[in-house]
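Subject: The structure you asked about

Hello,

Here is the structure, with the sequence alongside. Have a look at it first, and then read on for my notes.

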Amino acid sequence: MNSGQGEITIKEVITEFNDSEKHLKYSVQNPPMPVMNMENSISVKDLGEGSEVTWESYFDAEESQVGEISSMLQGMIKMNLEGIKNLF
């Protein structure tokens, strides 16, 4: 990931994986933002002619920073989903 200030390496650890239910949970060990206890969940639902992806993020942060962090995460998730979409 390039933050504009150089490369950032993010360590993620898969904490739950269920292939048949198309569900994955992972934790971020060194998030590139001021959060703690960051856990993410991704689920994919087959809609026949497409898929619905639910990507959720849970974290602890100072109340004053939650809105800004949420906006950053929404942007990152959207960028990742567009990248995945372009693969297919």
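**Overall picture**

Of the chain's 88 residues, 18% count as buried. Please keep in mind that this is a predicted model. The secondary structure consists of four strands and one helix, and the order from the N terminus is β-β-β-β-α. Along the principal axes, the C-alpha atoms fill a box of roughly 40 × 25 × 25 Å.

As for the surface, the chain exposes about 6,800 Å², and 50% of that area is supplied by carbon and sulfur atoms. The chain carries 6 positive and 15 negative charges, and the mean positions of the two sets are 6 Å apart. If you count contacts between residues at least 6 apart in sequence, 20% of them join residues at least 24 apart.

**How the strands pair**

Let's start at the N-terminal end of the sheet pairing. Strand E1 covers residues 12-18 and strand E2 covers residues 23-28; the two run antiparallel and are joined by six bridges. Two of the partnerships are easy to find on screen: Phe 17 is bridged to Leu 24 in E2, and Glu 16 is bridged to Lys 25, also in E2.

E1 and E2 form a hairpin, with four residues between them. Lys 22 lies in the loop that links these strands. Its phi is near 55°, which is a positive value in a residue other than glycine. Is Lys 22 buried or exposed, or partly exposed? With a relative accessible area of 44%, Lys 22 is partly exposed.

E2 also pairs with strand E3, residues 36-46, again in an antiparallel arrangement, here through five bridges. Lys 25 has a partner on this side as well, namely Ser 41 in E3. So that you can place it, Lys 25 is bridged to Glu 16 and to Ser 41.

E3 holds another residue to look at, Asn 37. Like Lys 22, Asn 37 is a residue other than glycine with a positive phi, near 55°. Asn 37 is exposed, because its relative accessible area of 58% is over the 50% cut-off.

**The nonpolar core**

Which residues make up the largest nonpolar core? There are 11 in all: Tyr 26, Val 28, Met 33, Val 35, Met 38, Ile 42, Trp 55, Phe 59, Ile 69, Leu 73 and Ile 77. The elements that contribute two or more residues to this core are E2, E3, strand E4 (51-60) and H1. Helix H1 gives the most, with three residues.

Leu 73 is a good place to centre your view. This residue sits in helix H1, which spans residues 66-87. Leu 73 counts as buried because its relative accessible area, 9%, is under 20%. Leaving aside residues up to four places away in sequence, Leu 73 touches Met 33, Met 38, Ser 57 and Phe 59. Of these partners, Met 33, Met 38 and Phe 59 are also listed in the core.

Met 33 is worth selecting next. Leu 73 and Met 33 are 40 residues apart in sequence, and their C-alpha atoms are 9.6 Å apart in space. With the same neighbours in sequence left out, Met 33 touches Met 38, Ile 69, Met 72, Leu 73 and Met 76.

Ile 77 is another core residue that lies in helix H1. Where does Ile 77 stand, buried or exposed? Ile 77 counts as buried because its relative accessibility is 17%, and the cut-off for buried is under 20%. For a distance across the model, try Ile 77 and Thr 15: they are 62 residues apart along the chain, and 19 Å separates their C-alpha atoms.

**Where to look first**

If you only have a few minutes, I would show Leu 73 with its contacts, including Met 33 and Phe 59. After that, turn to the hairpin of E1 and E2 and find Lys 22 in the turn.

Happy to go through any of this with you.

Best wishes

Terms used:
Residues are numbered from 1 along each chain as its sequence is written. This is a predicted model: local features need pLDDT of at least 70, side-chain atom pairs count only at pLDDT 80 or more; totals for chains, interfaces and linings use all residues. Side-chain values use heavy atoms; hydrogens and water are left out. Buried means under 20% relative accessible area, exposed over 50%, partly exposed in between (1.4 Å probe, protein chains only). Contact means heavy atoms within 4.5 Å. Accessible areas come from the Shrake-Rupley method with a 1.4 Å probe; for residues, only the protein chains shown count as cover. Lys and Arg count as positive and Asp and Glu as negative; His and the chain ends are not counted. The place of a charge is taken as NZ of Lys, CZ of Arg, CG of Asp or CD of Glu. Two strands pair if DSSP finds at least two bridges between them. A nonpolar core is a set of buried Ala, Val, Leu, Ile, Met, Phe, Trp, Tyr and Cys residues joined through side-chain atoms within 4.5 Å.
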